[in-house]
Amino acid sequence: MNLGSASRDRERTVTVRAGHATGERIRLSVYDLLPGTFATQRTFYYRGTLDADALRASLRATLVHYPMLTGRLERDPDGGLSIVCNDAGVPFTECRSERPLPDYGPDHSARGDMRRHIHQVNPFRVVGHDTPLFTAKATHLRGGFALGVTANHSIMDGASCVDFLLHWSRTHRGLDHRPAPYARTLLDGLAEGAPPGAGHDDPQYAVVTRRRKFGFLWRVNAGAPRVRTFTTRFTAQEVLALKEVATAQLAGGGPRLSSGDALAAQVWRVLGALRDRPAGSTERLGVVVDLRPALRERLPDGYWGNAVSNTTASLPARALREGPLGETAAAVRAAVDRVTAARVRDETAFLEAQHRAGSMRRVLSRMALDAFEDTVGLNNVARLPFYSVEFDAGRPFWFEYPTVPIPWTVMVTPTPDDDHSRDVHLSLPRDAAAVLESPEWAKRLHDTGRTA
């Protein structure tokens, strides 16, 4: 297996194992099957020195609690997927480079350098192959180091990935961390009690033909070079002002808003104005949601796996562009509040029906399918403690994720200070990105509506 060639940098890769194969065969849930076998990638950047031997040792100690990560992915007779917990291990690479560590941040993206700091894993050679489901690469640089990780999306979502990294970092520092419950049997029977028609249709997911799926993927890949991702930081004062203004506009007559609702509404409004679609058309905001709160009666705290779906807010284009921030934020909150246990039950019934019919690979989210037409996709992960993943050199000063190839996609993340500030990463068509970065539109994006 080739995990990437070494350049002028000196690299050494070892396979880290937990030391015990549980022998479990863990069948993945329908929510695990949704994202496919692609890997998610993250890089963390630190100032200071790195003890790679100690980092590798703490990784080994942490993997004892995560037998899925050291296992391999196999196809089940009915087309499903299972993790065979055989402790085949994960690659850990130590790299020494003479390159200086750049001063990454909102104005200096690390995306162009990510390939140097992570393993590349072919997503089409995962199932039935000796392909690791997690990899780590620690790169010594002049002035600090980078830690790059890849995690197969079929076994964990973003929250679970961060929880594993926190466990690793706490183990490295000699601190306790509760092992995460990962049994997929916790989701068994989730669709029980769904109405008879729940398996036929779903508001958030669609079963497409192979031709349409190929066409969508072709359009994404062909258009990826024309999508640009840039970052703008909303200060804590701006975020709190947006919430206060939106709440005041509702005058106590609407739902209780979060700062995330207000920020999402502000970004959606400005992107709606930038798109400038006909006044009577419908604008949609697809919001990625964590299902754990809706399933708190069923799932234990810290459930480790995939428990993510999406919900959609809709407004007429004119109302989105010209209406008050409070009404837009209320529409966002209403969409999120629709994600209840009953809604998850019906959605699970739909997904399980597609799995039984053999059409799970053709299930795509409407949020993604409609990105080229009328939908902005938003994933707010600002509550995930990325900047608490600290090792020998303390907290990272920056973390990075790959460019999103789907246009009109927004990611909201915390900032290194872990206050109420937010970094908003916008993936837009290049011409739209250029307009939004102009002084006029940048001012419009950051206009909180608060009068002096």
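**Exercise 1. Helix α7 and its partner**

In which helix is the place of Ser259? Then classify Ser259 by accessibility and describe how α7 packs against α6.

Solution. The model is predicted.

Step 1. Ser259 belongs to helix α7, which covers residues 259–275.

Step 2. The relative accessible area of Ser259 is 18%. Buried means under 20%, so Ser259 is buried.

Step 3. Leaving out residues up to four places away in sequence, Ser259 touches Val239 and Lys243. Both of these contacts, Val239 and Lys243, appear among the α6 residues that meet α7.

Step 4. Two packed helices are described by the angle between their axes and the distance between the axes. For α6 (residues 236–250) and α7, the axes come within 8 Å and cross at roughly 90 degrees. Angles of 65 to 115 degrees count as roughly perpendicular, and α6 and α7 are therefore roughly perpendicular to each other.

Step 5. On the α6 side, the contact is made by Val239, Leu242, Lys243 and Ala246; on the α7 side, by Ser259, Ala262, Leu263 and Gln266. By class, this contact has five nonpolar, two polar and one charged residues.

**Exercise 2. Two positive phi values**

Locate Asp87 and Asp276, give phi for each, and state whether each is buried or exposed.

Solution.

Step 1. Most residues other than glycine have a negative phi.

Step 2. Asp87 has a positive phi, near 55 degrees. Asp87 sits in the loop between β5 (81–84) and β6 (90–100).

Step 3. Asp276 is not a glycine either, and its phi is positive at about 55 degrees. The loop that holds Asp276 runs between α7 and β11 (282–290).

Step 4. With a relative accessible area of 7%, Asp87 is buried. Asp276, at 55% relative accessibility, counts as exposed, since the cut-off for exposed is over 50%.

**Exercise 3. Glu373 and Thr375**

Place Glu373 and Thr375 in the fold, classify their accessibility, and list their contacts beyond four places in sequence.

Solution.

Step 1. Glu373 is in the loop between α11 (366–369) and β14 (375–380), while Thr375 lies in strand β14 itself.

Step 2. Glu373 has a relative accessible area of 46% and is partly exposed. Thr375, at 3% relative accessibility, counts as buried.

Step 3. The contacts of Glu373 are Arg219, Arg275 and Arg277. Thr375 is in contact with Arg275, Arg284, Gly286, Met367, Asp370 and Trp408. Arg275 therefore occurs in both lists, with Glu373 and Thr375 as its partners under the 4.5 Å heavy-atom cut-off.

Step 4. Glu373 and Glu283 are 90 residues apart along the chain, and their C-alpha atoms are separated by 9.1 Å.

**Exercise 4. The second largest pocket**

How much space lies in the second largest pocket, and which elements give two or more residues to its lining?

Solution.

Step 1. The second largest pocket holds about 320 Å³ of space.

Step 2. Its lining has 16 residues, and those nearest the centre are Arg27, Leu28, Ser29, Val30 and Glu352.

Step 3. The elements that give two or more residues to this lining are α1 (30–33) and α10 (341–356). The most comes from α10, with four residues.

Step 4. Sorted by class, the lining of the second largest pocket divides into five nonpolar, five polar and six charged residues.

Notes
Residues are numbered from 1 along each chain as its sequence is written. This is a predicted model: local features need pLDDT of at least 70, side-chain atom pairs count only at pLDDT 80 or more; totals for chains, interfaces and linings use all residues. Side-chain values use heavy atoms; hydrogens and water are left out. Buried means under 20% relative accessible area, exposed over 50%, partly exposed in between (1.4 Å probe, protein chains only). On a 1 Å grid over the protein atoms alone, a cavity is a set of points where a 1.4 Å probe fits but cannot get out, and a pocket is an open set with protein on both sides within 12 Å along at least five of seven lines; lining residues have an atom within 4 Å of a point. Grid points are joined across faces, edges and corners, and a volume is the space filled by probe spheres set on the points. Ala, Val, Leu, Ile, Met, Phe, Trp, Tyr, Cys and Pro count as nonpolar, Asp, Glu, Lys and Arg as charged, and the others, Gly among them, as polar. Axes are lines fitted to C-alpha atoms, for helices over the stretch in contact, and angles run from 0 to 180 degrees between N-to-C directions. Angles under 35 degrees count as roughly parallel, over 145 as roughly antiparallel, 65 to 115 as roughly perpendicular and the rest as oblique.
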